[in-house]
Amino acid sequence: MADERKERFFLDSLRRALGPPPQASRPMEDLFPRKPSAEDQRLLGAVSGRSEREREELLRRLRAAAAPLHLQIEAVVDLAAARATVLRLVAEKSPEWGGEKQLVAWSHKLIESLDLAEPLARQGIPLWMTAPIDPGLAPEAAAEERARQRARIAASFIGITTADFCLAETATVVLRSRPGEPRSVALLPSIHIALVRRGQILADLKELFALLRWDERYRGAGVSNCLSLISGPSKTADIEATMVHGAHGPREMFLLILPD
Amino acid sequence: MTVKKSVTLFVPCLVDAFRPEAAEAVVTVFERLGIAVEYPPGQTCCGQPAFNAGYREEARRAARHFLRLFADCETIVAPSGSCVAMVRHHVPTLFEHEPRWRELARRTAARTFEFTEYLVDVLGAEDLGASFAARVTYHDSCHLLRGLRVQEQPRRLLRRVKGLEFVEMKNADCCCGFGGAFSVKYPDISSALVADKVAWIQQSGAEAVVGGDLGCLLNIEGALRRKELPLRVLHIAQVLAGGCPPAGGPGP
Amino acid sequence: MSAVRTERYVEESRRGIADPVLRRALSGLQERFGRGTAEAYRRLPEGPGLRQTAHAIREKAIANLDLLLERLAARIRANGGEVFFAATGEEAVSYCAGIARRRGVKLAVKGKSMVTEEIGLNSVLAAQGVEVVETDLGEYIIQLAGESPSHIIAPAIHKTRNEVADLFARKLGIPYTTDPPRLTQAARRALREKFLAADMGISGVNLACAETGHISTVSNEGNIRMATTLPPVHVAFMGLERIVARLDEYEIILRLLCRGASVQDIGTYVSLIGGPRRPGESDGPEEFHLVVVDNGRSRLLADPRFREMLCCIRCAACLNVCPVYGRIGGHAYGFAYSGPVGAVVTPLLTGVQRGRDLCRGETLCGACKDACSMDIDLPRMLLELRAILAAGDATWGVKPEGGLERNVWRIWAGLVSHPGLYERLLRAGAVLQGLLPRGVAGWIRRLPPPLSGWTQSRDFPPLAKAPFRSRWARRRREVGRG
């Protein structure tokens with residue numbers, strides 16, 4: 001109750017400070033339009049009508065933007081090549097925090113179709129697949145399951161995710177949070193590998209936001225409760241302006257691009 | 001028969017009192033271009049010092065005097081970026097609530113030009129036939145650069161001066177630390193700024209530093225004189241008048 | 001409210017100027033970022049004019065703040081989050097402290113947030129036994145050192161690698177090293193434990209969007225993403241002005257923010273957060289709280305002279321070009337905000353009278369306006385503040401300036417509107433200056449107070465024997481004769 005009073009007081013003093021014009025004359029349609037603007041429609045059209053040549057060009061721009069960010073792009077020809085790339089990284093890299101090699105991956109069709117489990121099992125390397133928390137679980141059991149998943153994610157040196165989109169202009173992967181696709185898989189492991197299909201590459205943030213605002217396939221969830229835009233590995237320049245990768249998040253990041 | 005052009009000269013207080021040679025040089029340059037110069041007597045100040053210090057009523061009094069004096073002039077030219085920025089941008093806002101003065105201020109603002117701006121943008125004159133044998137660097141005064149967006153004009157003029165070797169200093173566009181009353185009230189900060197400016201001027205290897213605003217130039221020269229450094233500090237008009245035939249001599 | 005030390009501007013600036021390490025660090029920062037940002041604006045596909053577009057977007061948002069905040073709050077609540085509107089810093093802090101008590105929070109991890117510096121959140125939480133860990137590497141360094149940030153984006157710019165090496169050897173017990181990668185690794189290891197153990201994550205908000213109902217945070221290190229993903233509670237603090245209406249507008253501001261802050265096309269991690277985790281998600285906070293802070297901002301909103309300041313998104317681009325900031329450093333400004341933004345916003349939030357040196361101790365060079373990602377006219381507002389200080393202003397609790405200064409300007413105004421008097425004084429001055437000690441070429445070595453500041457490091461020019469006005473008269477006479 002007290003909080004509600006405070007809120008009214010807060011907004012009232014805000015309105016007093018704003019002064020005229022009266023509420024009625026304010027441009028609601030401009031503030032929160034209900035229809036896409038001409039510019040929005042142009043963006044939506046650009047995405048849906050993209051030719052093969054334009055897609056090639058986007059891939060080229062993506063590579064150009066990724067290089068200075070230390071985001072490593074591998075365009076692979078098929079699932080087998082993607083699998084080989086992941087296995088090569090598993091073999092080459094060593095765990096940052098010591099201990100055995102372990103991997104964690106989202107439970108996602110694309111990742112499952114890589115068939116990583118079997119070759120990794122042969123090397124004795126565990127691959128943890130994340131899973132949604134069963135809403136039927138009692139709170140204590142759900143908490144335990146969350147703690148178990150987090151421990152596995154934190155213990156893994158490589159985390160594998162997909163992405164909703166990828167933005168060429170800024171070399172950005174776009175992740176919308178969903179059950180079964182924990183955010184920390186792209187955060188706690190030292191190496192983040194993201195898999196996308198070529199058709200998921202958009203030009204830039206403008207196109208992404210036009211889709212999120214107006215495309216019926218994405219509109220419902222909007223930005224969801226958490227949308228992450230990740231453009232390369234974690235970095236800092238806080239000590240004498242010297243660039244260091246791996247401040248808190250992953251210190252290496254790979255983007256594997258599969259054909260559609 | 002061509003209509004003889006004329007300009008009205010506004011000589012800002014610092015130029016009048018400390019560097020009258022700069023205003024004389026302006027006259028020389030214009031006369032050489034065949035432009036008649038008027039100088040209405042009774043000029044004092046545009047009001048900028050008071051305005052910058054927050055004393056708006058006092059600034060208005062100065063501005064009213066200025067506006068009265070220049071009310072009927074067609075083209076006003078001043079050898080100062082900050083005074084012209086004051087007349088162009090701030091004086092009209094001082095009279096927001098006095099419509100008649102505001103109108104006069106706006107009209108005057110539209111007719112007032114900084115010296116190098118007028119030469120290059122209005123007259124299209126770049127080669128003034130001047131000569132000046134020295135290595136010269138140019139300091140961008142803040143209000144000339146960011147207030148009036150005059151950056152290329154003085155450089156173009158300098159590059160056409162015979163015998164003059166133009167060198168850019170590092171951070172030519174960085175404030176010298178003058179800032180009017182600031183230089184007296186915050187001497188530590190102001191001194192730190194001008195010390196860097198002097199170092200950059202020295203690093204440029206220039207023998208003379210040139211600028212378009214006397215406040216900055218006096219600040220820079222004051223620091224040079226204290227250090228007993230031999231560099232010359234000149235208003236750009238003094239360079240552009242260099243080697244000109246005396247006023248009244250043969251025109252172009 | 002955190003401690004305000006604005007009245008110490010002059011002495012603190014002296015200290016900054018005398019520190020050669022600070023000077024080197026700041027000049028490096030300004031050379032990289034100052035020039036880089038200008039170049040980044042030029043390279044924008046829309047051209048540098050996008051800053052004016054952004055300004056208009058921000059102005060529209062500010063003019064409709066009530067509608068935007070209501071929409072944001074409604075969306076977040078519908079998403080399962082909580083929104084608290086805090087009229088004062090104290091209310092904001094005590095709301096967060098209440099959550100900490102209810103949840104039994106022992107350890108909180110914090111992403112860099114200017115508004116929590118402003119309202120002094122850390123000390124209040126610490127007083128009730130919560131360990132609050134700053135996780136931005138720069139903030140972590142200065143927290144370990146017991147200092148305060150000196151730059152909005154690069155808070156530890158004033159620390160050398162040797163100082164960090166000493167600090168980490170002492171506080172983290174690591175072997176002494178001055179190698180930035182190894183120092184970073186040591187902080188990474190120490191903070192990872194904190195992230196995994198924390199009961200609460202605290203962040204600021206770079207910008208919210210009303211249409212979609214999200215807040216957003218931007219970082220390169222990933223610390224904010226850690227702090228908003230791992231702990232069971234996320235409390236986000238935002239100044240009431242940090243909002244735009246629509247996602248397409250958000251996009252423009254975001255791009256300019258990243259360019260202004262660090263010459264990047266985009267920060268490494270941008271998170272758009274609209275609420276707590278959903279059922280079935282295994283991570284993300286179970287509680288999400290947004291605290292919208294007024295703390296004096298509605299006073300800026302109510303004053304047309306200063307409303308424009310609410311367009312600011314604290315990108316710190318103005319710090320990276322300000323010649324004064326570049327010499328004195330951030331601590332001189334005596335509050336959370338430093339540089340040109342601090343010189344305007346700090347007096348308005350903490351007292352114009354006591355912050356008078358911040359408003360006056362600037363050169364009005366205008367570099368900040370050109371660098372501002374939102375094209376805010378900071379010099380205009382510095383001038384307005386000076387006008388308030390001179391003439392007094394009841395709204396801001398400022399009495400008119402009295403005494404010597406006012407009289408000097410009155411006399412000046414009389415002189416400049418009476419040319420006869422003015423000319424006589426000029427002549428008198430030219431004679432009287434003969435009494436002053438001279439240096440090279442007749443320049444004056446020492447001026448008496450109150451002008452003595454000039455001659456602290458500079459000579460003062462002598463008045464010309466004949467001012468232009470008399471030379472002109474002579475010239476005319478000669479021409480007339482000839």
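The lining of the second largest cavity in this predicted model divides into 10 nonpolar, 2 polar and 1 charged residues. This cavity has a volume of about 90 Å³, and of the 13 residues that line it, C:Cys322, C:Glu362, C:Leu364, C:Cys365 and C:Cys368 lie nearest its centre. Helix H14 (323-328), helix H17 (367-371) and helix H18 (378-391) of chain C are the elements that give two or more residues to this lining.

The structure holds 4 cavities of 30 Å³ or more, and the largest of them has a volume of about 100 Å³. Its lining consists of 14 residues, with C:Cys312, C:Cys315, C:Cys318, C:Cys372 and C:Ile376 nearest the centre, and by class this lining has 12 nonpolar, 1 polar and 1 charged residues.

From the cavities we turn to the interface of chain B and chain C. The contact takes 71 residues from chain B and 67 residues from chain C, and the two chains bury about 6000 Å² between them, with 58% of that area on carbon and sulfur atoms. On the side of chain B, the residues that lose the most area to chain C are B:Tyr55, B:Tyr186 and B:Arg226, which together account for 13% of what that side buries.

Charged and polar pairs also span this interface: the count of salt bridges between chain B and chain C is 16, and one of them joins C:Arg469 to B:Asp16, whose closest N and O atoms are 2.9 Å apart. In addition, 33 residue pairs are in polar contact across the interface, both partners being at pLDDT 80 or more. Helix H11 (residues 187-204) of chain B gives the most to the side of chain B that touches chain C, contributing 10 residues, and by class that side has 33 nonpolar, 18 polar and 20 charged residues.

How values were computed. Residues are numbered from 1 along each chain as its sequence is written. Chains are lettered from A and ligands numbered from 1 in the order in which they are written. This is a predicted model: local features need pLDDT of at least 70, side-chain atom pairs count only at pLDDT 80 or more; totals for chains, interfaces and linings use all residues. Side-chain values use heavy atoms; hydrogens and water are left out. Contact means heavy atoms within 4.5 Å. Buried area is the accessible area (1.4 Å probe) that two parts lose on being put together, summed over both. A salt bridge is a side-chain nitrogen of Lys or Arg within 4 Å of a carboxyl oxygen of Asp or Glu. A polar contact is a pair of N or O atoms within 3.5 Å; within protein, one must be able to donate a hydrogen and the other to accept it, and residues adjacent in sequence count only if both atoms are side-chain atoms. Helices (H or I, at least four residues) and strands (E, at least two) are DSSP runs, numbered from the N terminus. Ala, Val, Leu, Ile, Met, Phe, Trp, Tyr, Cys and Pro count as nonpolar, Asp, Glu, Lys and Arg as charged, and the others, Gly among them, as polar. On a 1 Å grid over the protein atoms alone, a cavity is a set of points where a 1.4 Å probe fits but cannot get out, and a pocket is an open set with protein on both sides within 12 Å along at least five of seven lines; lining residues have an atom within 4 Å of a point. Grid points are joined across faces, edges and corners, and a volume is the space filled by probe spheres set on the points.
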